[in-house]
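Reader: Hey, I've just opened this one and I'm lost. Could you walk me through it?

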Amino acid sequence: MRSRRITTHKIQAMTAKGERIPMVTAYDYTQARIVDAAGIPMILVGDSLGNVVLGFDSTIPVTVDDMVRHCAAVVRGSERALIVVDMPFMSYQVDAETALRNAGRLLQEGGAQAVKLEGGKPIAPIIRRLVDAGVAVMGHIGLTPQSVHKLGGYRIQGKTQRSADALIEDAFAIQDAGAFAVVLELIPVELAAEITKRLDIPTIGIGAGMYTDGQVQVLYDMLGLGLDFKPKHAGDYATLGLTAKDALERYAADVREGSFPTQANSFHVDLEPAAAEEAAAYGSTNAANVQHGV
Ligand code: KIV
């Protein structure tokens, strides 16, 4: 069957025409269906699933098996969006052979169209090997969450001239290695604007201001699914966590007071007289059990 999905070339063509690219993460079938229905052209199956889905305090414990499973679910839930999947920690840094094997799994078993790798100049040779092998690659520089311990926390990158220059070099190294786009995470607006102006490939920002060619957000942050922390760069689009909590509280109260389910939520059948007696007996046993706290 021919794929109706948006291609990496289409993403580049959209950027060339001055169209801004919205992108969000998704981690399962149902989320992917919603994102696809909203007409978002690119979905990232992010290793942020380690934080928002699996409850780890970093992306480091995420495995290739995790990514393959979630990626395949997102692919099943979407028809149009280009699916980019994160290569998790140590699935590509060791050597090109390991990177090729793992990228192969993410494309063959996960069904993604492209992989994303974190890192600048040191990772460029790995990107080159993947691209030469026919893999579409998205780069990721600035705050690279897999290096959180080296970076000393989730902090803004490129604030000094020296680190800004290093990030510009990283961006060029990734482009020269053949990446089709690059994520710029948590860097100053001015630096993101400069990189975007100088690169030919699309830049996709997160916490990098308004001048990048596209934006990516973690779905859970953007929809306000978390009950406490929400990064300011995620915007103010929804507070679904509170909406869900309110719905669950009302459901629990209704069940406790017996006002849910109602007849409208129930199914009926005309029972034979014997079965009706049994059902009535079952009902009274149940009622007795409730009375006796069983
Ligand atoms: O894993 C992820 O969600 C990401 C985004 C923060 C870009 O890499």
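Author: Sure, here is a short tour in chat form. It's a predicted model, where local features need pLDDT of at least 70, side-chain atom pairs count only at pLDDT 80 or more, and totals for chains, interfaces and linings use all residues. Residues are numbered from 1 along each chain as its sequence is written, and side-chain values use heavy atoms, with hydrogens and water left out.

Reader: Ok, how is the chain divided?

Author: Into domain 1 (8–222) and domain 2 (246–291), with bounds from an automatic or database domain assignment. Their centres, taken over C-alpha atoms, are 50 Å apart.

Reader: What do the strands close into?

Author: A barrel of 8 strands, in the order β1-β2-β3-β4-β5-β6-β7-β8, with parallel pairing. Strands here are DSSP E runs of at least two residues and helices are H or I runs of at least four, numbered from the N terminus; two strands pair if DSSP finds at least two bridges between them. On average, neighbouring strands of this sheet are turned by 25 degrees against each other, direction ignored.

Reader: How many bridges pair β2 and β3?

Author: There are 4, linking β2 (residues 42–45) to β3 (residues 82–86) in the parallel sense. Methionine 42 sits opposite leucine 82 of β3.

Reader: And which strands does α1 lie across?

Author: Helix α1 (residues 8–16) lies across β1 (21–25), β2, β3 and β5, and runs at about 135 degrees to β1. Axes are lines fitted to C-alpha atoms, for helices over the stretch in contact (heavy atoms within 4.5 Å), and angles run from 0 to 180 degrees between N-to-C directions.

Reader: Switching topic: how much space lies in the largest pocket?

Author: About 810 Å³. A pocket is an open set of points on a 1 Å grid over the protein atoms alone, where a 1.4 Å probe fits, with protein on both sides within 12 Å along at least five of seven lines; lining residues have an atom within 4 Å of a point. The volume is the space filled by probe spheres set on the points, which are joined across faces, edges and corners.

Reader: Which residues lie nearest its centre?

Author: Val52, Val218, Asp221, Phe229 and Pro231, out of 35 that line the largest pocket. Elements giving two or more residues to that lining are α3 (49–52), β6 (181–185), β8 (214–217) and α10 (219–222).

Reader: And the second largest pocket, how much space is there?

Author: About 560 Å³. Of its 24 lining residues, Gly119, Gly120, Thr144, Ser147 and Lys150 are the closest to the centre. Helix α8 gives the largest share of this lining, 4 residues.

Reader: Last one: where is the cis peptide bond?

Author: Between phenylalanine 260 and proline 261, with omega about -5 degrees. Proline 261 is in the loop between α11 (240–257) and α12 (273–291). Most peptide bonds are trans.
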